[in-house]
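Q: Could we go through this structure together, beginning with its charged side chains and then moving on to other sites?

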Amino acid sequence: MKIVVLDGYAANPGDLSWDELKAMGECTIYDRTSPEQVLERAAGAEVLLTNKVAITAEDMAALPDLKYIGVLATGYNVIDIDAARERGIVVTNIPAYSTPSVGQMVFAHILNITQQVQHHSEEVHKGRWTNSADFCFWDTPLIELLGKKIGLIGLGQTGYNTARIAIGFGMKVWAYTSKSRLQLPPEIKKMELDQIFRECDIVSLHCPLTEQTRELVNAHRLSLMKPTAILINTGRGPLVNEQDLADALNNKKIYAAGVDVLSTEPPRADNPLLTARNCYITPHIAWATTAARERLMGIMLENLKGYVAGKPVNNVAK
């Protein structure tokens with residue numbers, strides 16, 4: 001079995017092992033692959049593994065040996081699923097591997113914003129604590145989470161895990177979800193979308209990117225939010241209209257935003273969020289803890305073993 005990994009560096013930049021995968025066949029691993037290199041590198045492969053490299057219908061038509069595509073991520077929009085289904089190509093993804101890590105990043109952003117951790121650390125290193133007349137100093141509001149309302153847009157595994165963390169902080173949890181009220185624990189209240197934006201102190205995005213959710217956060221919904229409100233996005237960049245968010249931050253319509261994802265990654269130099277007031281940006285790393293990537297690699301192997309055994313699991317092209 002010929003196996004080609006098109007862009008293995010992000011999932012495994014060298015701190016994990018490919019040995020189990022290499023034991024399953026003739027295996028070639030590329031750190032990165034441009035669109036122009038896909039057909040040359042994938043020629044003759046039965047198995048392709050990809051994270052962000054797109055596999056189009058045209059690619060599949062030009063790769064007659066291709067029988068299996070493993071996406072090294074939860075989202076699989078980089079694959080033409082209809083074309084794969086027509087050709088009988090198995091396409092697997094890796095669900096839920098990063099759930100604990102993403103919830104952790106949500107609160108890393110929340111805590112950084114509410115306690116201004118980054119800012120005060122920088123000020124200490126500048127000498128402001130050394131030169132303080134008092135035993136402590138702070139020059140921004142410090143916000144306690146107890147009793148604050150957090151609104152979760154989407155309540156899948158990541159949203160639910162984030163809710164559990166929020167409950168641990170004593171927060172009131174609201175959710176916009178397709179689940180019925182009877183399916184929710186008493187600590188989570190089902191609310192309509194605009195009500196969440198209007199009344200919550202923090203809004204966190206956990207929904208998939210679809211045509212219905214694209215730019216779900218826009219000028220209208222940002223105008224509903226409190227001037228003290230915080231927006232968190234660890235989901236997908238295009239869930240947010242970035243210019244509208246930058247305008248809301250710069251005009252003090254909302255207090256702050258913490259985002260781990262942007263509409264284009266890496267971002268263009270003119271992305272308005274890069275210079276927006278109180279916008280804290282991490283470079284799409286919520287998923288990238290060592291533990292999460294170890295789970296990713298393990299599920300990748302189980303997916304491939306299921307295919308080899310004739311019993312595919314996590315097949316999104318059924």
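**Salt bridges, a cavity and two loop residues**

A: To begin with the charged side chains, R128 and D139 form a salt bridge, with an N to O distance of 2.5 Å. This pair links distant parts of the chain, eleven residues apart, with R128 and D139 each placed in the loop between α6 (117–125) and β6 (149–153). Please note that the model is a predicted one.

Q: Is R128 buried, partly exposed or exposed?
A: R128 counts as partly exposed, because its relative accessibility is 37%, which falls between the 20% and 50% limits.

Q: And how accessible is D139?
A: D139 has a relative accessibility of 37% and also counts as partly exposed.

Q: What joins the side chains of E123 and R128?
A: A salt bridge joins E123 and R128, at 2.9 Å from N to O. E123 is buried, since its relative accessible area of 8% is under 20%.

Q: Why can such side chains pair at all?
A: In general, side chains of opposite charge can pair when their charged atoms come close.

Q: Which salt bridge does K226 form?
A: K226 is bridged to D201, and the closest N and O atoms are 3.1 Å apart. The two residues lie 25 positions apart in sequence and link distant parts of the chain: K226 is in the loop between α9 (219–224) and β10 (230–233), while D201 is in the loop between α8 (193–199) and β9 (202–205).

Q: Buried or exposed, for D201?
A: D201 counts as buried, at 16% relative accessibility. Its partner K226 is partly exposed, with a relative accessible area of 27%.

Q: Which residues do salt bridges with shared partners join into one network?
A: That network consists of E123, K126, R128 and D139.

Q: How many salt bridges does the count come to?
A: The count comes to twelve salt bridges.

Q: Changing topic: how many cavities of 30 Å³ or more does the structure hold?
A: The structure holds one such cavity. The space in the largest cavity is about 30 Å³.

Q: Which residues line the largest cavity?
A: The lining is made up of N233, G237, V240, E242, V259, V261, L262 and L273. By class, these residues divide into five nonpolar, two polar and one charged.

Q: Next, where does N51 lie?
A: N51 lies in the loop that runs between β3 (47–50) and α3 (57–61). N51 is buried, because its relative accessible area of 5% is under 20%.

Q: What does N51 touch, beyond residues up to four places away in sequence?
A: Beyond that range, N51 touches D7, A10, V71, L72, A73, V78 and W287. In addition, the side chains of N51 and K52 are joined by a polar contact of 2.8 Å.

Q: And I94, where is that residue found?
A: I94 is found in the loop between β5 (90–92) and α5 (99–115). With a relative accessible area of 1%, I94 is buried.

Q: Which residues is I94 in contact with, leaving aside neighbours within four places in sequence?
A: I94 is in contact with V71, L72, A73, T74, L296, I299, M300 and N303.

Q: How far apart are I94 and I299, in sequence and in space?
A: I94 and I299 are 205 residues apart in sequence, and their C-alpha atoms are 6.4 Å apart in space.

Notes: Residues are numbered from 1 along each chain as its sequence is written. This is a predicted model: local features need pLDDT of at least 70, side-chain atom pairs count only at pLDDT 80 or more; totals for chains, interfaces and linings use all residues. Side-chain values use heavy atoms; hydrogens and water are left out. Helices (H or I, at least four residues) and strands (E, at least two) are DSSP runs, numbered from the N terminus. Buried means under 20% relative accessible area, exposed over 50%, partly exposed in between (1.4 Å probe, protein chains only). A polar contact is a pair of N or O atoms within 3.5 Å; within protein, one must be able to donate a hydrogen and the other to accept it, and residues adjacent in sequence count only if both atoms are side-chain atoms. Contact means heavy atoms within 4.5 Å. A salt bridge is a side-chain nitrogen of Lys or Arg within 4 Å of a carboxyl oxygen of Asp or Glu. On a 1 Å grid over the protein atoms alone, a cavity is a set of points where a 1.4 Å probe fits but cannot get out, and a pocket is an open set with protein on both sides within 12 Å along at least five of seven lines; lining residues have an atom within 4 Å of a point. Grid points are joined across faces, edges and corners, and a volume is the space filled by probe spheres set on the points. Ala, Val, Leu, Ile, Met, Phe, Trp, Tyr, Cys and Pro count as nonpolar, Asp, Glu, Lys and Arg as charged, and the others, Gly among them, as polar.
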